[in-house]
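Trainee: I have a new model open and would like to understand the words people use for it. Could we go through them together?

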Amino acid sequence: MKKLTGRLKREHQTLVCMTKIYCEDLHDEYDGDLCESCTKLMAYSEQRLAKCPYGQEKPTCNNCPIHCYKKQQRDTVREVMRYAGPRMPMRHPIRALTHVFDKLRRAVHPMELRRARARKR
């Protein structure tokens with residue numbers, strides 16, 4: 001599997017921080033590291049980010065026109081973000097602020113980008 005770099009790596013690390021907050025507070029199996037189900041979810045998210053068609057220009061998932069997660073995982077990540085999002089500024093203030101700025105990134109569908117490149121030729 002391709003290693004994440006740049007923005008993709010930062011986005012995955014933000015999701016891991018959010019998942020740790022969620023898992024620590026709500027899962028009985030938390031022992032300083034993620035429980036089995038949260039570990040699987042983070043492995044899945046890393047795999048999906050590595051295959052993102054936007055690459056380093058990726059917007060936040062909430063603003064993305066392409067949904068690369070399966071429905072069950074997408075619902076779980078939404079639940080994690082709803083719970084951990086308001087708690088992020090207290091535990092990870094810089095990461096939370098960076099995520100807010102990333103949300104401002106405009107999402108252009110990859111097909112539009114492809115068409116624009118084709119017109120320039």
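Mentor: Gladly! Let's start with a term: buried means under 20% relative accessible area, and exposed means over 50%. Keep in mind that this is a predicted model.

Trainee: Then why is Arg 7 called buried?

Mentor: The relative accessible area of Arg 7 is 10%. The cut-off is under 20%, so Arg 7 counts as buried. Arg 7 lies in helix 1. Beyond its neighbours within four places in sequence, Arg 7 is in contact with Gln 56, Glu 57, Lys 58, Pro 59, Asp 102 and Arg 105.

Trainee: What makes Val 100 partly exposed?

Mentor: Its relative accessible area is 44%. Buried needs under 20% and exposed needs over 50%, so Val 100 falls in between and is partly exposed. Val 100 has its place in helix 5. Thr 60 is 40 residues apart from Val 100 in sequence, and their C-alpha atoms are 9.4 Å apart in space.

Trainee: Staying with helix 5, which of its residues are buried?

Mentor: In helix 5, residues 93-103, they are Ala 96, His 99 and Asp 102.

Trainee: How do you know that these buried residues line one face of helix 5?

Mentor: Look down the helix axis: the buried residues of helix 5 fall within an arc of 115°, so they line one face. There is a general reason behind such patterns: an α-helix has 3.6 residues a turn, so residues three or four places apart point the same way. On the other side of helix 5, Ile 94 and Phe 101 are exposed.

Trainee: What do the buried residues of helix 5 pack against?

Mentor: Their partners are helix 1 (6-26) and helix 4 (88-91).

Trainee: Why are helix 1 and helix 3 called roughly perpendicular?

Mentor: They pack at an angle of about 80°, and their axes are 9 Å apart. Angles of 65 to 115 degrees count as roughly perpendicular, so the term fits helix 1 and helix 3. Helix 1 brings Leu 15, Met 18, Thr 19, Ile 21, Tyr 22, Asp 25 and Leu 26 to the contact, while helix 3 brings Val 77, Glu 79, Val 80, Met 81, Tyr 83 and Ala 84. Sorted by character, the residues of this contact are 10 nonpolar, one polar and two charged.

Trainee: How many aromatic pairs does the structure hold?

Mentor: It holds two aromatic pairs.

Trainee: What makes the pair of Tyr 22 and Tyr 83 edge-to-face?

Mentor: Their planes are at 75°, with 5.9 Å centre to centre. Ring centres must lie within 6.5 Å to pair, and planes over 60 degrees apart count as edge-to-face, so both conditions are met. Tyr 22 lies in helix 1 and Tyr 83 in helix 3, so this pair ties together parts that are 61 residues apart in sequence. Both Tyr 22 and Tyr 83 are buried.

Trainee: And why is the pair of Tyr 44 and Tyr 69 called edge-to-face?

Mentor: Here the values are 5.4 Å centre to centre and 80° between the planes. With planes over 60 degrees apart counting as edge-to-face, the name follows. Tyr 44 is in helix 2 and Tyr 69 in the loop between helix 2 and helix 3, 25 residues apart.

Trainee: How do you know that Tyr 44 and Tyr 69 are buried?

Mentor: Tyr 44 has a relative accessible area of 12%, and Tyr 69 has 11%. The limit is under 20%, so Tyr 44 is buried, and so is Tyr 69.

Conventions
Residues numbered from 1 in each chain as written. Predicted model: local features only at pLDDT ≥ 70, side-chain atom pairs only at ≥ 80, totals over all residues. Heavy atoms only, no water. Buried < 20%, exposed > 50% of the residue type's maximum accessible area, 1.4 Å probe, protein only. Helix = DSSP H or I, 4+ residues; strand = E, 2+ residues; numbered from the N terminus. Arc of directions from axis to C-beta. Contact = heavy atoms within 4.5 Å. Axes fitted to C-alpha atoms, helices over the stretch in contact; angles between N-to-C directions. Parallel < 35°, antiparallel > 145°, perpendicular 65-115°, else oblique. Nonpolar A, V, L, I, M, F, W, Y, C, P; charged D, E, K, R; others polar. Phe/Tyr/Trp six-rings, centres within 6.5 Å; stacked < 30°, edge-to-face > 60°.
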